[in-house]
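Q: Please take a close look at a single part of this structure and describe what surrounds it, step by step, for someone in a first year of study.

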Amino acid sequence: MTDGDGEYIASLRRLPLTSPEHLLAGRALVVIAPHPDDESLGMGGLLASAQSMGTPVTVVFLTDGEGSHVGSPSFPPETLARWRRAEATDALFALGIPPTSARFLALGDARLDALSATTREAAMNALRACVPSPALVCVTARTDPHGDHRAASSIVNDIDWPEGVAVMEYPVWTWLADETGLPTQAATGYRVDITTALVAKRRAIAAHRSQHGGVITDAEHAFELEASFLAMFDHPTETLVWPTR
């Protein structure tokens, strides 16, 4: 427990440590990211480790992250979407993962929690088609205080997965969440040792250039990953929790 941690965050830091080999146990790995960069921040180390082990890896990007810089004349949404897709494949390359392992569903940045029933069902079918069995599916945590991240968790956990498919959740923005909005019970899951993949993870995070500032300078509203936030992910473990109802 570090200074300022609440009970739930402290329970994340106390989760048992495991290795990628033990966690995956011969299963394929499918990481579902609401936006390009979530996969690198939350699961970059496990992705690189799985790829190096010869494990089948798929990364599904639910949106293109085209809403990160609102009002930019030089990077309107359609341009930014193409840019961020390119950054995503660059990040996967840094992890040793070929672009053929990426799937882009383009469901609309900041709109995942407002999908029509038809679009939501189509997305669930598309995700189901991306996942072999046996597999471990990793999606952003429902405790993340971000609408797209919560919606991604909801969509994935609403899928009737076949036998052999397990779902776990990775926190991204949970680390900054107000403890009053987090579960009162302790988290269950694992911390995964990514020591040997940490350098590759750093390169993957850096590949999302538009999110680090200085690339898009004319936006009315711009998003930027702050150094203090990035420091939380510069760590030799990644966290996966079992979903709670």
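A: In this predicted model, the side chain of S68 makes a polar contact with the side chain of Q211, at 3.2 Å. S68 itself lies in the loop between β3 (57-61) and β4 (69-70), and with a relative accessibility of 9% it counts as buried, because buried means under 20%. Once residues up to four places away in sequence are set aside, S68 touches L80, R84, D109, Q211, H221, A222 and F223, so that Q211 appears among these contacts as well as being the partner in the polar contact.

A second buried residue can be described in a similar way, namely A91, which is found in helix α4, a helix made of residues 77-94. The relative accessible area of A91 is 0%, so A91 is buried. Leaving aside its neighbours within four places in sequence, A91 is in contact with E39, S40, A204, A207 and H208. R13, by comparison, is 78 residues from A91 in sequence and 26 Å from A91 in space, taken from C-alpha to C-alpha.

Turning to a pair of helices, α5 (residues 117-130) and α6 (residues 147-158) pack at an angle of about 65°, and their axes are 9 Å apart. That angle makes α5 roughly perpendicular to α6, and the crossing of the two is right-handed. Where these helices meet, R120, M124 and L127 from α5 face S154, I155, V156 and D158 from α6, and the residues of this contact divide into 4 nonpolar, 1 polar and 2 charged.

How values were computed
Residues numbered from 1 in each chain as written. Predicted model: local features only at pLDDT ≥ 70, side-chain atom pairs only at ≥ 80, totals over all residues. Heavy atoms only, no water. Helix = DSSP H or I, 4+ residues; strand = E, 2+ residues; numbered from the N terminus. Buried < 20%, exposed > 50% of the residue type's maximum accessible area, 1.4 Å probe, protein only. Contact = heavy atoms within 4.5 Å. Polar contact = N/O pair within 3.5 Å; in protein donor to acceptor, adjacent residues only side chain to side chain. Axes fitted to C-alpha atoms, helices over the stretch in contact; angles between N-to-C directions. Parallel < 35°, antiparallel > 145°, perpendicular 65-115°, else oblique. Left-handed = near helix turned anticlockwise from the far one by under 90°. Nonpolar A, V, L, I, M, F, W, Y, C, P; charged D, E, K, R; others polar.
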